[in-house]
Structure formats: C-alpha cells, structure tokens
Amino acid sequence: MQNIFKISIIIFIGISAVCNAQSDEKKVYTTTRIKTAPNIDGDIYDLAWSEGQWQGGFIQNEPREGIAPSQNTEFKILFDNSNMYIAVKSYDTAPDSIVHRLTRRDEIDGDNIIVIFDSYHDLRTGFGFSVSSTGVKGDLIFSDDGNSEDDTWDPIWFVKTKTYDWGWAAEMKIPFTQLRFSVNSSSVWGLNIARQIYRYSEMSLWQRTPRDASGFIHFMGELDGLQELSPKKQFDLTPYVTGGYESFEKEEGNPFADGNRWVKNIGLDGKIGISNNMTLDFTINPDFGQVEADPSEVNLTAFESFFEEKRPFFIEGKNITSFGIGIGDGGLGNDNLFYSRRIGRRPQRDISLMDNEFADIPTHTSIIGAAKLTGKTENGWSIGIIESLAREEKAEIDLLGARRQEIVEPLSNYFVGRLQKDFNKGNTIIGGQFTNTLRYLNATTRDNYHRTANTGGVDFTQFFKDKNWTISVSAAFSDVIGNSNAIASTQKSPVHYFQRPDADYVTLNENRKSLAGHGGIVSAGKIGGKWNFMYFGLWKSPGLELNDLGYLRTADQLLNIFWGAYHINEPFSVFKEMHFNGDYAVSFDYGGNFLGSGYEFSVSTKFNNYYNLNLHTYIGTNGKDNSLLRGGPSMKVPGDFNFNCFISSDERKKLGVEFGGNFSQGYYNSQTSSNYSLEINYRPVNALKIEIEPEYSISRSELQYIDELGFQSDPRYLFGHIDQQLFRLSFRANYSITPDLTIQYWGQPFAAAGNFSKYKMITDPKASSFQNRYQIYSPLQKSFNETGNFYGIDEDMDGAEDYRFDNPNFNQDEFLSNLVVRWEFVPGSTLFFVWSQKRENSTTLGNFSFRNDMKDLFNGDKPYNVFLMKFSYRIGLR
C-alpha cells in the first residue's frame with residue numbers, strides 16, 4: 001500500500017539524511033477569529049474568506065532544496081469558538097495537467113497538500129490533515145520529531161476541493177475537539193503546510209525544513225493568534241451491528257460442520273475527551289470482520305511468525321505504547337514489550353479427541369472490552385494506557401450426541417502503561433513502560449499458561465547540536481509466574497532452550513515457578529548531516545520472556561553493530577539523489593560464545609527519470625547456532641553470501657513496475673536460495689488502481705530439521721536435504737466511486753512444496769568440517785512404509801526398526817480473498833459489505849506444480865465463505 005502521504009516521505013528523509021542542517025528564521029502566521037463561518041464546498045470566494053490574510057512564500061524542498069517552486073501556493077487560516085478553517089490556493093499555470101486521482105482515505109495519490117499542526121507546541125508531535133485535488137482526505141499523527149507516523153488516526157473533519165482556471169483550491173474545517181492541546185500552548189502552535197505537484201515530483205513548504213535534518217517538527221513555523229481559544233472536549237459514541245452468513249464443506253457425522261451458519265453481533269465504540277489534551281478510546285465487544293486476512297506462509301523454523309496488526313482499535317496510536325528493544329525492521333526489529341496481536345489471538349491450548357469425537361474450536365479469542373487513554377499533560381508528560389479483557393474460550397466436544405466443554409484459552413486481562421516526558425525543547429526525553437498479563441487459571445489450564453507476566457522498561461534519549469547527535473538507552477525487564485510445568489515449558493521453548501546440554505551458563509530447573517530476565521539497547525552517534533554513523537549495542541539475557549503481551553523471537557544474545565551512511569540529496573549527473581549505507585555486526589551468547597558476524601553494504605538511488613535502483617549485499621562469517629538442534633547442543637553453521645537488487649519505474653505514471661531479486665549462497669554448498677518478485681501497478685482510469693504482485697522462490701538446504709528421537713538412551717537429531725519451491729500471486733483492485741464510497745478486492749493464490757531427501761542424523765555438531773557434522777542414512781538403514789506414510793530407521797542394521805518418523809514432504813496450497821465495500825455516509829459513520837473466502841489443501845507429495853496444485857485446490861472441498869454486513873453510526877454528544 002502506498003504511504004498515506006508521499007509528501008511526508010519527501011519531507012523526512014530525516015534520520016538518514018545528509019548535509020548539516022541550517023537554521024532558518026521561523027515564519028509566523030497570525031490567524032483571525034471570525035463570527036460567520038464559511039461553507040465548506042471548495043468555494044474560496046465565500047464572503048467569510050474576506051477576513052484574515054493570505055500568505056505564500058513557499059520554498060521548494062524536492063527536487064531542489066531552497067529554490068522557488070514552479071507554482072505559487074497561498075493559504076489562509078481562520079477560527080471561531082468551535083473550529084479551525086483553512087483555505088489553500090494551489091496555483092497552476094497548466095490546470096489541465098493537474099493529476100486528479102481518486103483513492104481510498106489515507107491512500108492519497110496525485111496532486112495534494114498537507115497542513116501540519118504542532119498543537120502541543122512540544123516540538124515533537126504533529127497532527128497532519130491532507131487532501132488531494134479530488135477531495136480524498138488523509139490524516140496522521142507524527143511523533144518523535146516526525147520520525148514516526150501513525151496513519152490510522154481518523155479524526156472527524158471536513159474538506160472540499162474545487163478546480164479553477166488558475167489551479168485548484170481546498171477548504172478545510174477541523175473541529176477543535178479533534179485536536180489535542182493544552183491551555184498553556186494554545187497561544188502559539190507549530191505550523192507547516194506542504195504542497196506536492198505530482199507531475200514534477202515537486203514538493204514545496206511554507207516553512208523551510210532542511211532535507212538533512214534529523215527531524216522536522218522542531219523546524220516548523222508558528223501559528224499565532226489563538227490566545228482566546230478555549231479547549232474543547234470530544235464525546236462520540238459509535239454503536240455497531242453486524243450480520244452475516246458462513247458457508248463451508250459439510251462433514252458427514254460432524255454435528256458442528258453442517259455446511260452453514262448465521263452470525264450476528266452488536267457492540268459499541270467510543271471516544272471521550274477526558275480533558276482538552278487527553279482522550280479515552282474504548283470498545284465493547286469489538287468486531288473486526290472487515291479486516292484483511294494475514295498472508296499465507298510456510299514456516300519451517302522453530303520460531304513464531306510475526307504478523308502486522310490490522311485491527312483499527314489497536315493500530316491507532318500504536319507508536320505511543322511501543323517499547324522496542326530491537327534493531328531495524330523485521331527479525332530483531334520486532335522485539336517489543338507490547339505486541340497487540342496477543343490480545344484476541346487464536347486459542348493456544350490443544351485438546352485431545354477420542355475416536356468418534358468432534359470438536360467446535362473457536363478460531364480467535366473474543367475481546368469483552370478494551371480501553372485506551374492517550375494524550376499529553378500540560379506539564380509535558382505523554383501518556384498511553386491500554387486495558388483489555390479477553391473472554392475465556394471453550395471448545396465444545398461431541399461424542400455420539402453427548403456434549404462436553406474444554407477450556408482452550410483462559411479469561412485474561414491485559415494492561416499496558418507508557419509514560420514519556422521531554423525537556424529542554426524536546427532535546428531530553430525520559431520514559432518508562434509497564435505491562436501486565438493476568439490469567440484466571442484452573443486445574444485444566446495452569447500447566448499451559450503463566451498466571452501472571454510483568455514486563456517493564458525505562459528509556460532515555462539526549463539530542464545534541466540541533467538534534468544532529470544523539471545518545472539513547474532503553475532497558476527492560478521481565479518476570480513470569482506460573483506453576484512448575486508452565487515455567488518448565490517456557491525454559492524449553494525455542495526462545496530459551498535452557499535444556500541445551502552444552503549451555504553451562506544456564507540451568508534448566510523444572511521445579512522453579514518463576515522466570516526473570518532483562519534486555520535492552522544502547523545507541524549513540526550522528527543522525528543529521530551528509531555523514532551518519534551510529535553504534536548499537538543490544539543485550540537479551542537468557543531468562544528474558546516477553547511473549548505473554550510482547551514479542552521476542554529469541555533471548556540469550558549480545559549484539560554489537562557499527563553503522564555508517566553517506567547521502568547525496570542534490571541532483572548530479574543522471575541522479576536525483578543517492579544514499580550509501582554499510583554496517584558490521586557481531587553476535588555472542590551470554591556464555592561468551594561467538595555466534596557470528598556479518599558485513600552489509602547497500603546503495604540506493606533515484607535517477608532523473610524517477611526510476612529507483614537499490615543494491616544490497618551481505619557477507620556472513622561461519623558461526624554457531626544455539627537453536628538449530630532445537631534444544632540440543634549448539635552447532636557450527638556455515639556463513640553465507642547474499643545479494644539483493646530492486647528496481648522500480650516512475651511511480652507517477654499510470655503503469656508502474658517494480659522488480660526485486662535475491663540470491664543467497666551458503667558456504668560449503670550448505671544452501672542456496674533465489675527469490676524473484678514483480679509488482680505491477682496500473683491505473684486504467686483515475687478512480688481505479690490495480691496491483692498484481694507475483695513472487696517465486698526456490699531454495700535448497702542440506703540441513704532442514706525434521707525431529708528429535710532417541711536410540712539406546714541417546715538423542716537423535718534428524719535432518720534432511722530439502723528442495724523447496726513457493727509461488728504466490730497477490731491481486732488487489734481499489735475502485736473509488738467517490739472519496740467516501742470505495743470498493744476493494746484482494747486475492748492471493750499460494751502454493752508451496754518441500755521435497756526431502758538424504759535423511760541424516762547429526763553426529764558431531766562442532767566438527768571443523770561441515771560434512772563431518774552429520775551422517776547420511778544408507779539405503780540399508782532406511783525404509784519407507786507407504787501404508788503408514790513414514791520412514792523406518794534401522795540404525796544398527798540388525799533387521800529391527802530402531803525408530804521412525806513421518807514423511808516430512810509437503811504441499812501446502814491456499815487461496816485467500818477479501819472483497820470490501822466501504823461507505824462513509826456521514827463522517828465517522830460507515831457501512832461495510834464484506835465477502836471473504838478461504839480455500840486450503842495439503843498433501844505429502846512434495847512435488848511442486850502450481851497449475852496442478854490450483855486445480856486440486858479449486859476442484860476440492862467447498863471453500864469457507866463469509867458474507868458480512870457491518871453498520872456503525874457515530875453519535876456526537878458534544
């Protein structure tokens with residue numbers, strides 16, 4: 001999905017920028033109080049606009065910083081007791097060349113403008129209101145001096161646009177109830193306005209912001225004249241009702257799978273202004289039926305997959321309650337004290353069924369209610385609090401008409417609290433976070449869950465020299481409590497693996513009833529100017545456990561990273577801009593054992609024809625892996641070489657193409673993989689956008705884990721050679737009938753296959769030679785039972801089977817689709833029509849054929865269809 005505001009990306013090349021920032025004198029705009037409000041219809045010749053002053057003087061930021069823009073822009077800001085009114089005149093000497101594109105809210109495309117208010121005037125927070133020339137609006141909250149964006153914020157405001165022979169104009173009405181500000185800051189706000197001329201890829205600003213700045217909120221100009229403004233409080237209630245029908249394959253003899261069911265639900269969402277700068281959001285019995293499904297995947301690792309949050313209640317304001325202790329994006333970057341997908345997750349407890357038993361197991365945990373308090377106090381404390389209660393879920397089990405219930409997820413309460421305070425004009429920031437998970441367990445569930453789980457952290461950031469230099473420290477702790485079986489399971493989980501026989505610095509204690517740990521990250525360096533460099537130091541103790549309410553892929557790690565970058569933002573030769581990045585990373589475990597190191601280098605550039613090229617390479621050294629044997633001893637692993645290439649065409653055109661390729665080669669011929677992706681974006685008309693994204697990957701690995709078995713009281717770690725192929729095709733179509741009435745479709749066929757061979761056992765995991773670390777079973781030791789679909793191993797070749805394992809080959813095929821019609825018939829009130837479908841099929845053939853797999857998938861069982869209507873109506877009580 002395109003970023004909500006392309007112009008915001010251009011404003012903030014920010015933290016990776018290049019030259020030394022210049023300090024321009026701040027502009028000041030003085031607003032005017034009016035008695036008669038303008039009609040919001042795009043007509044800027046309304047008599048109300050005769051008051052106040054028009055102001056221009058915009059300066060180009062992109063592509064050439066500091067020169068005059070190609071077209072002039074003027075704006076005017078008025079206010080009364082209840083609303084702020086903004087008019088923007090976007091002059092254009094060729095009005096027929098204005099790019100008018102109709103999209104969904106928050107997916108702005110084409111010519112557009114954005115107005116940003118720092119209504120707290122804390123020089124760190126901004127509230128953005130954007131509109132395209134077609135009247136599509138977008139809104140977002142900037143935090144951390146503009147380096148973090150939250151485009152899920154959807155305030156209630158009004159805007160209209162109109163095209164004239166001199167260009168186009170926008171009229172906005174923003175109720176003060178939708179803005180947060182303290183009484184002390186009401187006299188002066190931060191202000192900036194940006195305009196993007198799409199055909200030139202040009203962005204101009206009212207207040208100049210250097211492209212090499214470490215952030216942009218502290219560079220904004222000022223809005224004066226609000227001394228007599230009285231803060232307003234919001235009070236909105238939005239009840240909803242849903243009704244739907246589900247159809248699926250009928251299963252003979254299963255009383256829970258009769259082929260169809262009707263569904264219905266009611267609930268209430270609310271937003272209450274506790275004060276002029278603190279807002280309480282709450283939801284009772286929420287429904288997220290309109291949310292798109294997670295993409296298909298094959299996960300052959302021991303670690304939990306990380307999926308992005310998509311539910312509106314939890315993603316709005318997520319930056320406030322985030323406390324990351326990771327580095328970068330994905331992988332380590334996902335480690336966080338709060339991972340909202342824990343709330344309302346799929347029930348985790350497995351149940352065992354006897355012969356002739358059938359079970360109706362909930363697909364997710366119902367949320368009874370949740371509340372979220374966010375805002376900033378008058379003395380500068382930023383607050384984020386989330387409280388949520390999830391229902392106890394039970395599976396209903398039938399045995400020849402006799403019914404019983406079994407708990408699959410206990411009643412659970414979740415709490416998140418976040419505090420931050422900034423001093424010295426936002427140059428000094430301190431903060432802390434605390435989370436608590438409390439579960440109500442009984443004899444059935446106490447072996448499977450922690451009774452309580454607490455995490456907490458403190459963070460400190462200090463900026464220097466106009467925020468071009470920084471030092472930052474974040475430290476966290478965890479403490480989980482449960483019975484001995486639950487804590488033992490945690491110690492043995494892939495996050496910890498305390499049972500490793502060669503881990504002399506940790507001890508598996510199956511009698512303990514609690515587990516505590518700590519972790520954090522330290523960073524220091526230069527983040528502004530042409531040259532950037534940083535040091536990152538990360539630690540996670542073996543006992544750190546965040547996965548009750550947070551996310552932690554693995555504990556027991558010490559990581560050091562040295563990173564540097566150089567940026568060229570001004571056009572030269574055939575390039576518009578160019579960026580270089582490089583780093584060196586080295587990792588150890590808490591026993592001081594070397595795990596690995598690697599070197600990365602990347603270059604990215606934009607050409608004068610607006611094509612983009614990114615090249616990235618990584619060289620990893622040989623090292624050790626503490627998790628490859630999944631509880632066994634650490635094992636030496638080969639390093640690898642990785643190369644990525646990404647190229648994209650001019651995204652302003654009706655037809656855009658992006659291509660990505662990745663190649664990886666392990667040393668000693670241990671593994672190879674290639675991945676190819678293509679993204680085609682096409683706009684046959686301005687109201688329709690079609691995206692097609694095929695992806696194909698092929699990989700081979702000599703060591704893919706299968707199982708751990710035993711022979712003569714010794715463990716056997718079974719591996720195999722795997723040849724794996726995967727193909728997925730994402731298709732998305734967005735059609736905007738009006739800015740408030742849209743149709744969106746997403747569909748994804750997915751096929752993956754894995755074929756195993758050269759079955760082997762690990763014999764010497766620390767042998768100096770890669771081939772000496774394992775032994776391949778000979779044909780005399782291995783036999784396949786077609787009836788039982790398993791392999792038998794006669795290790796000592798005495799004619800008797802010593803152990804067996806299931807056929808690990810797989811074919812996993814899925815088709816997911818989601819059709820959503822969304823109509824916001826009045827601001828804040830919506831009607832959804834949703835049709836979602838899921839098809840799935842799996843076998844142990846292991847042979848990849850996309851055509852045959854899709855044929856079997858669509859000619860197989862009846863798909864799972866959901867037809868849903870959701871109606872919500874906003875009631876503004878204040």
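# Close-up views of a predicted model

**View 1. Asn789 and its surroundings in the loop between S42 and S43.**
Because its relative accessibility is 25%, Asn789 counts as partly exposed, the partly exposed class lying between the buried limit of under 20% and the exposed limit of over 50%. The model shown here and in the following views is predicted. Asn789 is not a glycine, yet its phi is positive, at about 55 degrees. The loop that holds Asn789 runs between strand S42 (782-785) and strand S43 (790-793).

**View 2. The open sheet S42-S43-S44.**
Three strands make up this open sheet, and their pairing is antiparallel. Its edge strands are S42 and strand S44 (803-806), each of which pairs on one side only. On average, neighbouring strands of the sheet are turned by 25 degrees against each other, with direction ignored. Four bridges connect S42 and S43 in the antiparallel sense. At this pairing, Asn785 has Phe790 in S43 as its bridge partner. In general, the strands of a sheet pair through backbone hydrogen bonds, in either a parallel or an antiparallel arrangement.

**View 3. Asn669 in the loop between S36 and S37.**
Asn669 has a positive phi of about 60 degrees, although this residue is not a glycine. The flanking elements of its loop are strand S36 (655-666) and strand S37 (671-685).

**View 4. The cis peptide bond between Glu62 and Pro63.**
The peptide bond that joins Glu62 to Pro63 is cis, with omega at about 10 degrees. Pro63 is placed in the loop between strand S3 (59-62) and strand S4 (73-79).

**View 5. The salt bridge between Lys89 and Glu74.**
The side chains of Lys89 and Glu74 meet at 3.5 Å, N to O. Lys89 belongs to strand S5 (residues 83-91) and Glu74 to strand S4, so this pair ties together parts that lie 15 residues apart in sequence. With a relative accessibility of 12%, Lys89 counts as buried, whereas Glu74, at 25%, counts as partly exposed. In total, the structure holds 41 salt bridges.

**View 6. The salt bridge between Asp109 and Arg683.**
The closest N and O atoms of Asp109 and Arg683 are 3.3 Å apart. This pair links distant parts of the chain, 574 residues apart: Asp109 lies in the loop between S5 and strand S6 (112-118), and Arg683 in strand S37. Both Asp109 and Arg683 are buried.

**View 7. The salt bridge between Asp502 and Lys766.**
In this pair, 2.7 Å separates the closest N and O atoms of Asp502 and Lys766. Asp502 is located in the loop between helix H3 (484-492) and strand S27 (514-526), and Lys766 in the loop between strand S40 (741-762) and strand S41 (774-776), so the salt bridge ties together parts that are 264 residues apart in sequence. Asp502 counts as partly exposed because its relative accessibility is 30%. Lys766, at 31% relative accessibility, likewise counts as partly exposed.

**View 8. A salt-bridge network of Arg105, Asp139, Asp154, Arg822 and Glu824.**
Salt bridges with shared partners join these residues, among them Arg105 and Glu824, into one network.

Key:
Residues are numbered from 1 along each chain as its sequence is written. This is a predicted model: local features need pLDDT of at least 70, side-chain atom pairs count only at pLDDT 80 or more; totals for chains, interfaces and linings use all residues. Side-chain values use heavy atoms; hydrogens and water are left out. Helices (H or I, at least four residues) and strands (E, at least two) are DSSP runs, numbered from the N terminus. Buried means under 20% relative accessible area, exposed over 50%, partly exposed in between (1.4 Å probe, protein chains only). A salt bridge is a side-chain nitrogen of Lys or Arg within 4 Å of a carboxyl oxygen of Asp or Glu. Two strands pair if DSSP finds at least two bridges between them. Axes are lines fitted to C-alpha atoms, for helices over the stretch in contact, and angles run from 0 to 180 degrees between N-to-C directions.
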